[in-house]
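Grab a pencil and work through a few exercises on the model below. Each one comes with a worked solution, so try it yourself before reading on.

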Amino acid sequence: MAAPLSEQTIAIVKATAPVLQQHGVAITTRMYERLFVNEEVRSLFDHAAQESGEQPRRLAAAILGYAQNVDKLQNLTPVVERMVQRHVETGVKAEHYPLVAEALLPAIRDVVGEAASDEVLAAWGEAYWFLADILIGKEAAVYTQQAA
């Protein structure tokens, strides 16, 4: 399991919540544009939800919820459990998480420009991998249980 998030990271992530509220869908839309250059990853997603904008909205809401609750993660337990189930249903694996990080972090800068300083992106990188490690661990347990 990942080390706890630093106080600085928590403060930065919480401070970005208003930016995410304003630009979250633009960020996630841009992230998917970057991510879907990989056809294997693209095939894991519901294309109708992409085209309707539902998936970018859903992810933007989840990221905003994470930013707002990064210091009280217990509030996110039901959301995390739904994400785990959905990821397992669609075949998301640990090797997909770096691809998402490589799409998400630059997408933040693409949308908000210099407001996404290196410090902000570093904090979001730490926060992303903290949550990713939780998801990967829970998903692995479900995959193991399914295989048994």
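**What packs over H5**

Among the elements that cover the buried residues of H5 are helices H1 (7-15), H2 (17-35), H4 (47-52), H7 (97-112) and H8 (118-147). Helices here are DSSP runs (H or I, at least four residues), numbered from the N terminus. A word on the ground rules: this is a predicted model, where local features need pLDDT of at least 70, side-chain atom pairs count only at pLDDT 80 or more, and totals for chains, interfaces and linings use all residues. Residues are numbered from 1 along each chain as its sequence is written, and side-chain values use heavy atoms, with hydrogens and water left out.

**Exercise 1.** Work out which residues of H5 are buried.

*Solution.* Start with the helix itself: H5 spans residues 54-69, 16 in total. Its first and last C-alpha atoms lie 22 Å apart, close to the expected 22 Å (1.5 Å times one less than the number of residues). Next, apply the cut-off for buried (under 20% relative accessible area, with exposed over 50% and partly exposed in between; 1.4 Å probe, protein chains only). The residues that pass are Gln55, Pro56, Leu59, Ala60, Ile63, Leu64, Gly65, Tyr66, Ala67 and Asn69.

**Exercise 2.** Find which element gives the largest share of the lining of the largest pocket.

*Solution.* First, the pocket: its volume is about 900 Å³. Then the lining: 35 residues, with Tyr32, Gln55, Leu59, Met83 and His87 nearest the centre. Elements giving two or more residues are H2, H4, H5, H6 (77-90), H7 and H8. H5 comes out on top, with eight residues. So Gln55 and Leu59 turn up twice in these exercises: buried in H5, and among those nearest the pocket centre. Here a pocket is an open set of points on a 1 Å grid over the protein atoms alone, with protein on both sides within 12 Å along at least five of seven lines, and lining residues have an atom within 4 Å of a point. The volume is the space filled by probe spheres set on the points, which are joined across faces, edges and corners.

**Exercise 3.** Decide whether Thr16 and Ala140 are buried or partly exposed.

*Solution.* Thr16 sits in the loop between H1 and H2 and counts as buried because its relative accessibility is 12%. Leaving out residues up to four places away in sequence, Thr16 touches Val120 and Trp124 (heavy atoms within 4.5 Å). Ala140, found in H8, counts as partly exposed because its relative accessibility is 36%.

How values were computed:
On a 1 Å grid over the protein atoms alone, a cavity is a set of points where a 1.4 Å probe fits but cannot get out, and a pocket is an open set with protein on both sides within 12 Å along at least five of seven lines; lining residues have an atom within 4 Å of a point.
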